[in-house]
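Thanks for sharing this one; here are some notes to read alongside the model. I have kept them as numbered points so that you can follow each one on screen.

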Amino acid sequence: MNAHTPLAWDTLARYRLIEILSLWEGRVAASQIGEAFGVGRQQAQKVLRRYRDLAPENLHYDETRHGFLPSPDFLPRFTQGRVDEYLHLLNAHDTLNSPFAGLGMGAANTESLPMPNRSISPQVVREVVQAARERRRLEVTYASFSNPEGQDRILVPHTLVFAAGRWHVRAYCEKHRHYRDFVLSRFRGVPEDAGPMLGRHDAEHDERWQTRVAVRLIPDRRLPQAERALLALDYAMHDGELELYCRGPLVRYALRELGVNPHHAEANPRAQQIEIANRESLAAWILWS
């Protein structure tokens, strides 16, 4: 097989998974390939050997970790090396959406808007993911509007979240003594292991995170009835209302994704289209102005 030979879509999907796991988790093993694609260990090992034949400088085997680790000069061959590829894969659970990217379906009649590629280091993601899985603390330097140069903090991360076009990690902050959202692109340097969790600061004990909140949306009541009926169809509303459930800390992100500004009503109802029907019950999650 030479560099110009097209790969079968399932082979391409396996190579992509190898690169995503090794780059963003810092390790890939035959067992992961076998589990993801339903193949035996020998077949999975063969996939890894073939990948290494095509990209010999990317991986090296580590006996202590029983898997392949990315080399310092790792250069993606079958992925773009974007954090979105890994984090979207986490959301897919046991289903791989990426294999269908190689089928070329509808390439001539579909289009998507380019989105900015947030600068997120693979080393940052690796440390955050490992700490969340092992329930460990991380010492980080985090930049914010109040501290643009960065401030040292101890975090206990538990969940990665994609919301409002950015990737966050939900974590307990020992400085503020409660859970907060931290934007991954604002981490400065590589987080360092700060030891095991002190106390109960995992996802199960994040009460706000565990709270499911109903967000009720209706067509803007300033619109004529015919236009409200049209919007009800657009949003698949039932009896003129759309009810969504999300975790409490994600309410404001959900509204932003839907184009609803809780602090400002558009003068033109056609520009706003929908509005919040249960503002009072969301008071615990949004500070109304």
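The points below go from the whole chain to two helices, a pocket and a few loop residues.

1. Please keep in mind that this is a predicted model. The protein chain holds nine helices and ten strands. Of its 289 residues, 40% are buried. Among contacts with a separation of 6 or more, 62% join residues that are 24 or more positions apart.

2. Helix H3 is a good place to begin. H3 covers residues 41-54, 14 residues in total, and its first and last C-alpha atoms are 20 Å apart. That is close to the 20 Å expected at 1.5 Å a residue.

3. Which residues of H3 are buried? They are Ala-44, Val-47, Leu-48 and Tyr-51. Viewed down the axis of H3, these buried residues lie within an arc of 95 degrees, so they line one face of the helix. The spacing fits a familiar rule: an α-helix has 3.6 residues a turn, so residues three or four places apart point the same way. Gln-42 and Asp-53, on the other side of H3, are exposed.

4. What do the buried residues of H3 pack against? Their partners are helix H1 (9-25), helix H2 (30-37), strand S1 (59-62) and strand S2 (67-70).

5. H2 deserves a look as well. Its buried residues are Ala-30, Ile-33 and Gly-34, and down the axis of H2 they fall within an arc of 95 degrees, so they line one face of the helix. Those buried residues pack against H1 and H3. After H2 comes Gly-38, with a positive phi near 65 degrees.

6. Now to the second largest pocket, which contains about 530 Å³ of space. It is lined by 24 residues, and the closest to its centre are Arg-180, Asp-181, Phe-182, Arg-252 and Tyr-253. By kind, the lining divides into ten charged, eight nonpolar and six polar residues.

7. Which element gives the most to the lining of that pocket? The answer is S6, with five residues. At least two lining residues come from each of strand S4 (151-163), strand S5 (166-173), strand S6 (178-183) and helix H8 (251-257).

8. Two residues other than glycine have a positive phi and are worth checking by eye. His-66 has a phi near 55 degrees and sits in the loop between S1 and S2. With 54% relative accessibility, His-66 counts as exposed, because the cut-off for that label is over 50%. Arg-135 also has a phi near 55 degrees, and its place is the loop between helix H5 (122-134) and strand S3 (136-142). The relative accessible area of Arg-135 is 41%, so this residue is partly exposed.

9. My last point concerns Ser-119, found in the loop between helix H4 (83-91) and H5. Is Ser-119 buried or exposed? Its relative accessibility is 64%, so Ser-119 counts as exposed. How far apart are Ser-119 and Phe-187 in sequence and in space? They are 68 residues apart in sequence, while their C-alpha atoms lie 9.9 Å apart.

Conventions: Residues are numbered from 1 along each chain as its sequence is written. This is a predicted model: local features need pLDDT of at least 70, side-chain atom pairs count only at pLDDT 80 or more; totals for chains, interfaces and linings use all residues. Side-chain values use heavy atoms; hydrogens and water are left out. Helices (H or I, at least four residues) and strands (E, at least two) are DSSP runs, numbered from the N terminus. The expected span of a helix is 1.5 Å times one less than its number of residues. Buried means under 20% relative accessible area, exposed over 50%, partly exposed in between (1.4 Å probe, protein chains only). The arc is that of the directions from the helix axis to the C-beta atoms. Contact means heavy atoms within 4.5 Å. On a 1 Å grid over the protein atoms alone, a cavity is a set of points where a 1.4 Å probe fits but cannot get out, and a pocket is an open set with protein on both sides within 12 Å along at least five of seven lines; lining residues have an atom within 4 Å of a point. Grid points are joined across faces, edges and corners, and a volume is the space filled by probe spheres set on the points. Ala, Val, Leu, Ile, Met, Phe, Trp, Tyr, Cys and Pro count as nonpolar, Asp, Glu, Lys and Arg as charged, and the others, Gly among them, as polar.
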